[in-house]
Amino acid sequence: MENVRIVAGIILIAVGLFVYITATFGLFRFHYVLNRMHAAALGDTLGILFVLLGLMILVGFNFHTLRLGLIICFLWLASPVSSHLLAKAEFVTFKHIKSECEVVEK
Amino acid sequence: MKEFTGSFLLGSVILLSVLIFFCMIRAIKGPRFTDRVVAGNMISTMIIVILSILSVYMEEPFLVDVAIVYAMLSFITVVVLCRLVIVRRRVHEREEQEDGKR
C-alpha cells in the first residue's frame, strides 16, 4: 500500500513536469504575445495542479497537505486575473493589433 | 523506495531550474514588454513549484509558507504593472483628445 502511494505521487509529478516542458516549448514556438500567454497559462494551472497533487499524495494527510492545497487555490484565483490584465495592457498599447488577431468593435 | 523518491525530487528541481534558464532567455529576447512580463510570471510559478518540492524533500513545512508569500508577491507585481500601463495610456489618450479640440 505504501509503495502504491509513492508510485502514484511520482507519476503525477512526472506528468506535471511534462506539462512544464510543453509550456516552455510553447513560449519559444509561438510568434505573438497573446499566443505565448496561452502556453504560459497552461503551466500556471495544469502544471501546478499535477505537481502539487503528486506532492500531497507523497506527504500523506496532515497540515502540510492542506497548505499545499492552499497554494493551488490561490494560484487558480490569481492567474486568470493577471492574464486578463496582461492581455488588456497588450491590447491598449499595441497599435497593429488588428493585423495579429480579430478585434470585435463594440 | 525512499531513496528513489528523494533522488526523483532532486532531479525534478534540477529540470525546473533548466526550464527557468530558458524562460530567462525569452525574457531577455522578448520584443515587447508584455513578453518579458509573461516570462517573469512563468519563472515565479516555477519557483513556487521548486519551493514546494523542496519542502517535501527536506520535510520542513515552513517552506510552503514562503511559497504562498512568493505567490502573492508575484501576483501583486503583475497587477500593479499592468494597471499602471493601462491608466497611463488612458490619461495620455484623454490629453491627446483635448489637444485636438483646441
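**Figure 1. Burial and overall form of chain B in the predicted model.** Of the 102 residues in chain B of this predicted model, 28% are buried. The chain has three helices and zero strands, and from the N terminus on its elements follow the order α-α-α. The radius of gyration of chain B is 20 Å, whereas a compact globule of 102 residues would have a value near 13 Å. Along its principal axes, the C-alpha trace of chain B spans about 75 × 30 × 15 Å. Among the contacts in chain B that join residues at least 6 apart in sequence, 43% link residues at least 24 apart.

**Figure 2. Surroundings of B:Cys23 in helix α1 of chain B.** B:Cys23 lies in helix α1, which covers residues 2–29 of chain B. With 24 other C-beta atoms within 10 Å, B:Cys23 is buried, because 20 or more such atoms are required for a residue to be called buried. Leaving out residues up to four places away in sequence, B:Cys23 touches A:Thr24 and A:Leu27 of chain A, and B:Ala39, B:Met42 and B:Ile43 of chain B. One of these partners, B:Met42, is 19 residues away from B:Cys23 in sequence, while the C-alpha atoms of the two residues are 7.4 Å apart in space.

**Figure 3. The contact between chain A and chain B.** Chain A contributes 41 residues to this contact and chain B contributes 38 residues. On the side of chain A that touches chain B, the elements giving two or more residues are α1 (2–29), α2 (33–59) and α3 (63–93) of chain A. The largest share of that side, 18 residues, comes from α3(A). Sorted by class, the side of chain A that touches chain B consists of 30 nonpolar, six polar and five charged residues.

**Figure 4. Packing of α1(A) with α1(B).** The axes of α1(A) and α1(B) come within 10 Å and cross at roughly 10 degrees, and the two helices are therefore roughly parallel to each other. Residues of α1(A) in this contact include A:Ile6, A:Leu17, A:Tyr20 and A:Phe28, and those of α1(B) include B:Phe8, B:Leu15, B:Phe22 and B:Cys23. The residues of the contact of α1(A) with α1(B) divide into 14 nonpolar, three polar and one charged.

**Figure 5. Packing of α2(A) with α2(B).** Helix α2(A) packs against helix α2 of chain B (residues 33–57) at an angle of about 5 degrees, and their axes are 10 Å apart. At this angle, α2(A) and α2(B) are therefore roughly parallel to each other. Among the residues that meet here are A:Arg36, A:Asp44, A:Ile48 and A:Leu55 in α2(A), together with B:Asp35, B:Val38, B:Met42 and B:Ile53 in α2(B). By class, the contact of α2(A) with α2(B) holds 14 nonpolar, five polar and three charged residues.

**Figure 6. The largest nonpolar core, with a view of A:Ile71.** This core has 42 residues, and those with the most contacts inside it are A:Leu55, A:Ile71 and B:Val38. The elements that give two or more residues to the core are α1, α2 and α3 of chain A, together with α1, α2 and α3 (62–101) of chain B. Helix α2(A) gives the most, with eleven residues. Apart from neighbours within four places in sequence, A:Ile71 is in contact with A:Leu52 of chain A and with B:Ile48, B:Ser52, B:Val64, B:Ala67, B:Ile68 and B:Ala71 of chain B.

How values were computed:
Residues numbered from 1 in each chain as written. Chains lettered and ligands numbered in written order. Predicted model: local features only at pLDDT ≥ 70, side-chain atom pairs only at ≥ 80, totals over all residues. Helix = DSSP H or I, 4+ residues; strand = E, 2+ residues; numbered from the N terminus. Rg over C-alpha atoms; globule rule 2.2 N^0.38 Å. Buried ≥ 20, exposed ≤ 12 C-beta atoms within 10 Å, placed from the backbone. Contact = placed C-beta atoms within 7 Å. Nonpolar A, V, L, I, M, F, W, Y, C, P; charged D, E, K, R; others polar. Axes fitted to C-alpha atoms, helices over the stretch in contact; angles between N-to-C directions. Parallel < 35°, antiparallel > 145°, perpendicular 65-115°, else oblique. Core = buried A, V, L, I, M, F, W, Y, C linked by C-beta atoms within 7 Å.
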